[in-house]
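This briefing introduces the surroundings of a ligand and two points of backbone geometry. Please consult the sequence and structure shown below.

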Amino acid sequence: MARKKIALIGGGQIGGVLAQLIGARQLGDVVLFDIVEDLPQGKTLDIAEAAAVDNFDVSVTGTNNYKDIAGSDLVIITAGLPRKPGMSRDDLLSTNAKIMKNVAENVREFAPNAIVIIISNPLDAMVTLFKKVSGFPANRVMGQAGVLDSSRFATFIAWELGVSVKDVNAMVLGGHGDTMVPLIRYANVNGIPVMEMLERKYKDKTKAKEVMTAMVERTKMAGGEVVKLLKTGSAFYSPASSATAMAESILLDEKRLLPTCALLNGEFGVNGYYAGVPAVLGANGVERVVELSLDAEEQSLFDNSVNAVKKLVEDMARLGF
Ligand code: A3D
């Protein structure tokens, strides 16, 4: 079987870690593209020179020419500005929409059969724009946000309960903004509901609820927490790991059920908008969206989050995209 080819569009902080992770896991040959001259060539030379130590032999190369992404099976897009302290993701809309339109036109021309994972912010709007410009089918256009948001939620739960994060299952749905919806009722440690463990720990239902609310709020603001500490950009290790998990599920046809920014076609009561939902990722990209029952409060939080996505898409249309 021929090796898979993975193009990474954007050779900044996340793009660099992606190239390293995907190369080291030998998921396929990696081509890192950026508009900045020499940057992707320099990063990939550095990564390739670690191959002898890390024992991988896929090729990892850099380019400023879109022709080099031809024949890619998978494209992961991080092109665009990240946040600085005090900025919301939505503040990036006009700058990154311009970049995404250009990227989508080039991916459409040079890698027309690729499955595409978008990471650039504001995520839900950028995925919507890529889909519109590329004309690719919905199963081949998705966004990464939920895997990271869920991983953040799981981390806070593990720290609070003093258990390995490997045993925590937690999922965050909705748009990738401050209205995202960490699902409390479904969060569990190897099947044991997190709320039950908190109630036993504190022997007090009100206190347990307060602790959970604090973890939910920290999850929603977790991106901003990192931006505030880094001062010059946003999180990059964890977003790259999260997209790599999605890439792996697609390239190896694992059919993992991962929270994914996917186009909804009536699921969860939403039609024609992208939002974070559980989806099965395999060789055909988003193979299906998996519905689950939400109670009235969860549904209303989800609807609120989707409304924020709708507003963002309207703002983008007003800007001419
Ligand atoms: P950064 O290190 O600035 O890298 C972005 C790269 O994009 C730079 O190297 C630019 O040169 C490049 N670029 C700019 N314009 C173009 C273009 N037209 N074509 C190709 N490349 C271009 O940022 P980063 O890697 O830290 O973040 C990248 C994006 O991911 C930002 O929009 C972040 O806000 C976003 N992000 C998303 C998440 C999610 O979970 C969704 C998490 C963290 C960051």
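How many residues surround the ligand, and which are the closest? The ligand is surrounded by 29 residues (each with a heavy atom within 4 Å of it), and the closest are Q13, I14, D34, L81 and I119. This is a predicted model, in which local features need pLDDT of at least 70 and side-chain atom pairs count only at pLDDT 80 or more, while totals for chains, interfaces and linings use all residues. Residues are numbered from 1 along each chain as its sequence is written, and side-chain values use heavy atoms, with hydrogens and water left out.

**The shell around the ligand**
- Its residues comprise 16 nonpolar, 12 polar and 1 charged, where Asp, Glu, Lys and Arg count as charged, Ala, Val, Leu, Ile, Met, Phe, Trp, Tyr, Cys and Pro as nonpolar, and the others, Gly among them, as polar.
- Helices α1 (13-24) and α4 (93-110) each supply at least two residues; helices are DSSP runs of H or I with at least four residues, strands runs of E with at least two, numbered from the N terminus.
- The most residues come from α4, which gives 4.
- The ligand lies between domain 1 (5-144) and domain 2 (145-321), because both give residues to the shell; the bounds come from an automatic or database domain assignment.

**Polar contacts (N or O atom pairs within 3.5 Å) and burial**
- A side-chain N or O atom of D34 is 2.7 Å from an oxygen atom of the ligand.
- For L81, a backbone N or O atom lies 2.8 Å from a ligand oxygen atom.
- A polar side-chain atom of N121 lies 3.1 Å from an oxygen atom of the ligand.
- The ligand taken alone exposes 870 Å², of which the protein buries 89% (Shrake-Rupley method, 1.4 Å probe).

**Backbone geometry**
- Most residues other than glycine have a negative phi, and most peptide bonds are trans.
- The peptide bond from N121 to P122 is cis, with omega near -10°, and P122 is in the loop between β5 (115-118) and α5 (123-134).
- N190, which is not a glycine, has a positive phi of about 45°.

Conventions. Polar contact = N/O pair within 3.5 Å; in protein donor to acceptor, adjacent residues only side chain to side chain.
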